[in-house]
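Work through the exercises below with the sequence and the model open beside you, and try each task before reading its solution.

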Amino acid sequence: MGKKIKKETESPPKDVFDPLTIESKKAATVVLMLNSPEEEILAKACEAIYRFALKGEENKATLLELGAVEPLTKLLTHEDKTVRRNATMIFGILSSNNDVKKLLRELDVMNSVIALLAPEEEVVIHEFASLCLANMSVEYTSKVQIFEHGGLEPLIRLLSSPDPDVKKNSIECIYNLVQDFQCRATFPELNAIPSILELLKSEYPVIQLLALKTLGVITNDKESRAMLRDNQGIDHLIKILETKELNDLHIEVLSVVANCLEDMNTVVLIQQTGGLKKLLTFAENSTIPDIQKNAARAITVAAYNPENRKLFHEQEVEKCLVALLSSESDGTKIAASQAISAMCENSGSKDFFNHQGIPQLIQLLKSDNEEVREAATLALANLTTCNPANANAAAEADGIDPLISILSSKRDGAIANAATVLTNMAMQEALRVNIQNHDVMRALISPLRSTNTGVQSKAALTIAATACDAEARTELRNAGGLEPLIELLHSKDDEVRRNASWAVMVCASDELTATELCKFGALDILEEVNLSVSRKNKFSEAAYNKLLNNHLPLKYSQTGYLSSSNIISDGFYDYGRINPGTKLLPLKDLCLQEPNDRRAVLLVNSKSSDVSPPPSTEDKSSDVGCGRSISSSSSLRRTSKEKASAGFGSPTEEKSEPSSGRNTALSKSATKEKGSRKVRGKKEEEKVKEEEEVTTVSKNIREGSPDKEWYPPADPDFCVYEYEVTKSILPITNIKEQIEALAEYVAEKMGGTIPKEKLQDFSWELHISELKFQLKSNVVPIGQIKKGIFYHRALLFKALADKVGIGCSLVRGEYGRAWNEVKLMNKSLKGVTGGLPPPEVYIVDLMFQPGRLIKLRSREADLYRFL
């Protein structure tokens with residue numbers, strides 16, 4: 001037997017690395033292993049990193065710093081299932097870190113993660129891939145990426161997964177995605193509603209809650225609501241409400257129901273199945289505030305539809321809402337108040353709340369919660385609109401005082417609503433007086449100064465409703481409310497500008513307030529507004545005209561027309577025609593100007609002036625003001641026939657000279673021209689003395705006196721006219737005879753009858769120029785004019801007619817023409833129904849045949865009015 005020879009061990013190939021077992025205790029080392037080509041090392045490294053990431057946020061940040069994210073993203077598409085699964089698990093955990101999410105968006109891994117949702121992948125991969133997407137979908141950019149890479153469809157498919165974690169992560173991601181409108185719009189096409197409804201049967205509350213939240217979002221769209229109804233989703237929701245064990249879901253269920261009730265078909269369905277009654281009973285009897293709040297919100301949403309309101313009214317929803325107003329929860333009170341606001345569109349509901357609801361809402365006005373007060377004022381605003389009974393009920397419940405207090409609230413909505421309620425109340429005189437007694441004008445000043453257009457608009461409207469009485473306007477004026485009101489006329493908001501114009505129109509009803517409005521520039525602003533086609537409105541035009549009626553000089557200069565209701569008072573002046581946008585100077589400024597080549601400014605004034613020149617020997621014994629002139633009127637009346645017979649070319653008249661300080665000298669100098677034959681006999685020294693007096697007085701007129709208030713120049717002659725007309729014409733009982741007598745009187749004082757053929761020879765221009773020179777002013781009192789043509793006579797006729805109550809209008813024509821129009825009844829005509837016919841309009845002839853009445857639009861009238 002041969003000797004055994006020991007066999008040598010076969011050595012490994014030279015190109016093979018001997019196996020090495022390494023135990024690493026550093027995360028950095030393991031991160032380096034992620035670049036290994038060996039699947040086993042990759043799997044073990046991923047497993048170690050997963051366990052490390054689970055331990056806390058600091059470890060996630062450490063892995064990010066070590067650069068683990070980028071090599072891990074490559075492993076998501078690895079061929080080996082284990083490596084792919086472990087890498088996915090890591091991302092499911094890491095994606096909750098905001099910095100990791102940011103890096104993942106930059107690396108654009110969304111497509112790789114969505115691919116892991118494929119049906120052939122393991123459930124564990126589905127779980128962590130969906131978790132990663134759920135964490136990422138919180139950010140808007142990630143939502144867009146998930147949607148654009150088609151992630152919604154596989155997520156919906158995973159809702160049917162047997163694994164509850166997959167379901168939870170998928171529905172959470174879907175909930176985040178549907179917050180975006182674009183994603184929500186494509187939702188009905190994917191038929192996800194049945195799968196979501198199945199989740200309501202889950203044994204896990206978190207899944208049920210996420211499913212309800214998702215339904216609450218998608219049912220904002222009409223198509224999704226229809227799909228929910230078609231899939232018997234409403235039945236599922238009502239059953240949950242009926243199940244006490246699921247009371248933690250009731251709040252979200254009611255949110256979904258609230259959206260569904262926007263559709264009339266859904267409301268009918270709920271009503272037919274008895275669900276509506278259950279809903280109302282549930283809302284009223286529940287002790288959970290959030291449930292009550294959402295139930296009231298559901299009613300609010302549904303009540304915007306008229307048919308729904310009708311159904312709710314039949315189910316006596318008002319009782320439920322009134323009960324909810326007494327809740328201890330502010331949120332429930334707010335929701336109930338909003339529901340009442342919506343139900344107010346139904347007249348039956350409005351009447352119901354008259355007896356129940358309004359007192360409770362008034363109590364809510366005293367709440368410390370601003371939102372509660374705002375919701376209560378909104379309900380009261382809707383309840384009192386076009387409903388005097390409810391306005392009365394609010395006042396009887398002592399609502400005026402708290403409403404006015406809310407005008408100083410910090411919430412714009414509450415202020416606007418409170419102003420609306422006060423406006424609705426002010427439609428009734430008794431309530432308006434009550435509101436005014438609570439110092440409402442002062443309370444409205446702050447809302448007028450608000451920067452919120454809604455508040456501005458409602459405050460201005462309240463001013464318009466409450467400033468109907470002189471006392472209220474005085475209160476507003478004294479409180480400084482006119483300036484902020486006028487500022488609103490500049491507003492770019494149409495409603496603010498309209499309501500502010502309305503308020504200005506109301507405030508301009510008395511002369512004092514109208515004067516103040518003009519002083520603050522209301523007239524100029526309104527004129528500017530009315531020049532704009534886009535900014536003007538009917539109220540701005542009405543307000544402008546109302547102010548013009550209290551500023552007749554400007555009205556006549558701009559429009560060339562004064563109606564019979566526009567009564568000329570002392571201080572009126574005719575400046576002549578001005579174009580829109582041109583500013584009319586005040587009378588004082590015109591009086592202080594030097595004479596120029598412009599036409600004379602005609603002044604109507606029967607008041608005496610307090611300004612007097614230095615006393616002279618002649619003036620010491622003179623009477624004051626117009627008194628002496630009036631005392632001599634009898635002599636004027638005695639000579640009136642003689643003056644009339646003088647006719648053309650004899651406009652002179654004899655009368656005693658009135659003396660009243662400054663205007664005495666003015667009157668004397670004017671008389672000097674009229675009675676030139678008598679003046680020629682005077683001594684030259686007296687003539688020079690009179691001219692010096694005129695110069696001195698005119699200087700006083702122009703310069704004014706710093707110690708005395710300025711008064712317009714007096715017109716003693718006009719005082720005489722007024723006295724004579726009152727004595728001689730007022731007693732006449734026939735209106736036609738009054739007009740004829742006044743026309744003859746005016747013509748007599750202005751130079752008598754002027755034949756048409758001699759009109760060009762009537763030297764009135766020279767006479768006016770002499771008056772301007774003598775008065776050292778462009779302003780000429782109408783009574784001093786003794787040679788006047790159409791526009792002089794028409795103005796004097798209007799001024800005297802207004803003094804004695806004869807209704808007439810003043811119309812300016814072209815080329816110095818002006819005329820007066822009067823309305824007279826023609827008793828020879830019968831009305832359509834046998835009554836009196838409408839009055840006919842006549843033009844009063846003051847030139848050619850004084851006293852003649854010419855029918856308007858006749859050929860004779862046209863010859864009188866036009867050249």
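**Exercise 1. Locate K798 and decide whether it is buried or exposed.**

Solution. Begin with the secondary structure: K798 belongs to helix α50, residues 790–804, where helices are DSSP runs of H or I with at least four residues, strands are runs of E with at least two, and both are numbered from the N terminus. The model is a predicted one, in which local features need pLDDT of at least 70 and side-chain atom pairs count only at pLDDT 80 or more, while totals for chains, interfaces and linings use all residues. Residues are numbered from 1 along each chain as its sequence is written, and side-chain values use heavy atoms, with hydrogens and water left out.

Next, take the accessibility: K798 has 0% relative accessibility and therefore counts as buried, given that buried means under 20% relative accessible area, exposed over 50% and partly exposed in between, with a 1.4 Å probe and protein chains only. Finally, list the surroundings: apart from neighbours within four places in sequence, K798 is in contact (heavy atoms within 4.5 Å) with L562, S563, S564, N566, I568, C808, L810 and N820.

**Exercise 2. Work out the order of the five strands in the open sheet, and state which strands stand at its edges.**

Solution. Strands pair if DSSP finds at least two bridges between them, and following the pairs gives the order β1-β5-β6-β7-β8, with antiparallel pairing. β1 (561–562) and β8 (853–855) each have a single partner strand, so one side of each is left without a neighbour in the sheet.

Now look at one pair in detail: β5 (residues 809–812) and β6 (residues 818–824) run antiparallel and are joined by four bridges, and S809 has E821 in β6 as its bridge partner. In the loop between β5 and β6 sits Y815, which has a positive phi of about 55° although it is not a glycine. Most residues other than glycine have a negative phi. Y815 counts as exposed because its relative accessibility is 70%.

To complete the picture, helix α48 (residues 735–749) lies across β6, β7 (840–844) and β8, and runs at about 165° to β6; here the axes are lines fitted to C-alpha atoms, for helices over the stretch in contact, and angles run from 0 to 180 degrees between N-to-C directions.

**Exercise 3. For helix α23, compare the span with the expected value and find how many residues are buried.**

Solution. The expected span is 1.5 Å times one less than the number of residues. For the 14 residues of α23 (residues 330–343) this comes to 20 Å, and the end C-alpha atoms are 20 Å apart, which agrees.

As for burial, 11 of the 14 residues of α23 are buried, among them T332, K333 and I334. The elements covering these buried residues include α20 (289–302), α22 (317–324) and α24 (347–355). At the start of α23, a side-chain oxygen of S329 comes to within 3.3 Å of the backbone nitrogen of G331.

**Exercise 4. Repeat the analysis for helix α29 (residues 412–425).**

Solution. α29 has 14 residues and reaches 20 Å from its first C-alpha to its last, close to the expected 20 Å. The helix is mostly covered, with 12 of its 14 residues buried, including N417, T420 and N424. Among the elements that cover them are α26 (370–384), α28 (400–406) and α32 (453–466).

Terms used:
Polar contact = N/O pair within 3.5 Å; in protein donor to acceptor, adjacent residues only side chain to side chain.
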